[in-house]
Amino acid sequence: MNHLRTSLCAALVSACLVGCGSSVKLDDAAPVVDAKPTPAGGAGAGGAGGASTAQSQVATVDATKIDPMAAGKLGRVVYFDFDSYALKDEFRPLIEGYARVLAGNKGKKMVIEGHTDERGGREYNLALGQRRAEAVAKSLVLLGASDSQIEAVSFGKERPAVDGHDEAAWAKNRRAELKDR
Amino acid sequence: MVNPPETQRTPSRRRWLAGALAAGAWHATARAQFRVEISGVGATQLPVAITKFRDEDRSGQSISGIVRADLERSGVFRIVDSSGDFDETSRPNYGDWRSRGADALVAGSATRLADGRFDVRYKLWDVVKGADLGGQAFAVLSADLRLTAHRVADAVYEKLTGDKGVFSTRIAYVTRVANRYTLRITDADGEGGQVALNSTQPIISPSWSPDGKQLAYVSFESGKAVVWAQDVLSGERRAIANFRGSNSAPAWSPDGGTLAVTLSRDGISQIYLMNPNGGNLRRITQSNAIDTEPVFTPDGKSIYFVSDRGGSPQVYRMPAGGGNPERVTFSGAYNISPAISPDGRTLAYINRNSGEFKVTTLDLSSGTVRTISDTVDDERPSFAPNGKLIIYATRAQGRDVLMTTTLDGRIRTRLLSSGVDVREPIWGPFGR
């Protein structure tokens with residue numbers, strides 16, 4: 001937990017210092033994590049900075065905004081529109097949450113499983129599901145995770161979450177699931 | 001012994017067919033998994049009589065029944081009154097057969113030999129000309145009686161049409177019951193099924209090697225899509241594509257020396273070539289889109305594939321080593337799952353139009369596009385090795401089923417299974 005806190009703190013501080021490097025439009029209210037987080041022990045950690053920093057300064061990290069369990073509370077599934085792999089705004093907080101978790105724990109790995117609804121060919125749908133998983137994975141990496149922490153895979157239409165042959169069922173099957181590894 | 005209904009004289013072929021199906025006398029074994037229904041009216045069909053083979057009841061296989069079913073399913077023949085006791089040594093009364101409406105006659109026998117094998121013989125006559133067209137004799141094990149019946153059907157088919165028959169070939173497909181999947185291999189008529197792979201995870205995209213000895217397929221048993229190649233006889237298998245992301249859509253080159261696959265290892269689904277053991281990997285498409293479902297042309301020089309680089313999935317063709325693809329399908333906004341006929345002249349694929357997925361053919365020289373299915377959830381067409389039939393998966397009455405169709409779409413048969421979903425059919429090569 002200490003390691004996590006230190007890393008997150010370093011990342012946050014360096015992000016504040018360096019500014020947002022991400023090309024993804026984000027909600028201003030959420031703190032931004034730099035695309036390339038600095039390693040633990042970088043500038044600002046523990047006050048080992050330059051001459052302008054008082055030795056007794058303590059930087060406060062507000063852990064309530066970086067709750068690693070918060071992402072879980074937002075669910076683990078991202079849903080998509082028909083024939084689309086675009087990430088909808090409503091799922092951005094979820095993805096940001098997991099990105100923070102991954103950024104703060106380099107040992108943690110996740111798999112993103114992409115799915116489609118039942119309509120269409122199996123191989124093309126496998127590729128569409130893969131595209132959805134890759135979209136989520138790319139977003140996670142942009143928001144702080146490492147490429148090596150994530151694998152994007154697809155089940156195409158082979159593993160529906162919901163049986164049914166109407167839009168209500170199809171909408172629940174067009175998804176990407178984020179799972180721990 | 002009661003004569004099965006098909007030997008009664010019925011002026012209407014459809015009524016006769018209904019009677020035969022109702023009696024359940026259509027297939028050799030009562031535990032048949034598939035029942036065939038034929039829909040669609042054929043153009044001109046050749047009327048042929050196949051009489052019961054002498055002693056076939058004692059052999060345990062209705063050899064004449066298998067021959068009749070094969071010839072009927074081809075769409076080229078219709079079976080006429082075949083009652084009576086005959087064999088290959090008979091001297092047919094051509095007038096009698098002409099009055100029954102037969103243009104050709106097949107009769108034969110299945111005699112048990114001292115060593116337990118069976119001596120199966122047949123003869124074929126041209127009733128119109130009143131000529132003996134010859135016959136054959138086979139000495140076979142009891143376990144090969146079904147295959148022998150298919151060989152008789154192939155020989156009759158070839159003699160009367162000039163085309164090679166596919167009745168001795170095999171198909172592979174996937175079944176699903178709840179969370180149990182199998183990769184299954186059967187005769188082309190759906191009988192004699194054997195399980196090549198049992199799994200609790202999905203199996204898709206089986207693909208026969210050109211020599212019919214291996215099946216490549218995609219299995220999700222490890223939690224993601226991985227391509228395997230399995231020796232059909234021994235069951236030995238190896239994972240040949242297990243890279244990061246999804247590995248799928250295996251397709252063999254006609255010389256068996258190369259496999260094309262779809263890999264997402266570079267972050268997007270693209271087409272790669274590899275050796276059958278997985279080595280010598282090289283990427284042959286270079287787009288930022290989905291490129292998948294590769295299939296080699298019969299001369300091995302080109303590959304048809306699906307790409308949505310133009311915004312929606314269409315079929316393209318490129319040189320087999322990679323190179324500039326050219327678009328091939330222009331009719332409709334969604335065209336996937338290409339299959340190429342053995343003569344290289346016809347492309348079969350799935351077109352989506354207004355939410356309906358239908359098997360469609362494209363004549364590659366004339367550009368003529370033809371919808372050949374009347375169902376709405378078709379998948380994965382595959383040509384028979386003689387190019388005369390296409391098998392595909394579709395949905396009917398809430399079940400996944402397999403259909404075969406003639407290339408003009410006029411004669412379709414449905415292989416109905418009892419209670420299991422069947423999908424992903426792939427027709428095996430000649431040479432068994």
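These legends go with several close-up views of a predicted model.

**View 1. Here is where chain A meets chain B.** On one side of this meeting place there are 16 residues of chain A, and they are in contact with 27 residues of chain B. Which parts of chain A supply at least two residues each to the side that touches chain B? Look for α4 (122-142) and β3 (150-156) of chain A. The top contributor is α4(A), which gives 8 residues to that side. As for the kinds of residues found on the side of chain A that touches chain B, the split is 6 nonpolar, 4 polar and 6 charged.

**View 2. In this view, β11(B) and β12(B) make a hairpin.** Strand β11 covers residues 214-219 of chain B, strand β12 covers residues 226-231 of chain B, and the two pair in the antiparallel sense over 6 bridges. To find one of the bridges, start at S219(B): its partner in β12(B) is V226(B). Between the two strands sit 6 residues, and in the turn you can pick out G223(B), which has a positive phi of about 100 degrees.

**View 3. Follow the chain onward and β12(B) forms a hairpin with β13(B) as well.** Strand β13 is made of residues 237-241 of chain B, and its pairing with β12(B) is antiparallel, over 4 bridges. One bridge to look for joins V227(B) to A241(B), its partner in β13(B). This hairpin has 5 residues between its strands, and G235(B) in the turn has a positive phi of about 80 degrees.

**View 4. Now for an open sheet of 4 strands in chain B.** Read across the sheet and the order is β14-β15-β16-β17, with antiparallel pairing. Which strands are at the edges? They are β14 (247-252) and β17 (282-283) of chain B, each of which pairs on one side only. Elsewhere in the sheet, β15 (residues 259-263) and β16 (residues 270-274) of chain B run antiparallel and are joined by 5 bridges. Try spotting L259(B), whose bridge partner in β16(B) is M274(B).

**View 5. The last close-up is all about R412(B), a residue of strand β29 in chain B.** The strand itself spans residues 412-417. Is R412(B) buried or exposed? R412(B) counts as buried because 23 other C-beta atoms lie within 10 Å, and the cut-off for buried is 20 or more. Also find L389(B): R412(B) and L389(B) are 23 residues apart in sequence, and from C-alpha to C-alpha they are 9.3 Å apart in space.

Key:
Residues are numbered from 1 along each chain as its sequence is written. Chains are lettered from A and ligands numbered from 1 in the order in which they are written. This is a predicted model: local features need pLDDT of at least 70, side-chain atom pairs count only at pLDDT 80 or more; totals for chains, interfaces and linings use all residues. Two residues are in contact if their C-beta atoms, placed from the backbone, lie within 7 Å. Ala, Val, Leu, Ile, Met, Phe, Trp, Tyr, Cys and Pro count as nonpolar, Asp, Glu, Lys and Arg as charged, and the others, Gly among them, as polar. Two strands pair if DSSP finds at least two bridges between them. A residue is buried if 20 or more other C-beta atoms lie within 10 Å of its own, exposed if 12 or fewer, and partly exposed in between; C-beta atoms are placed from the backbone.
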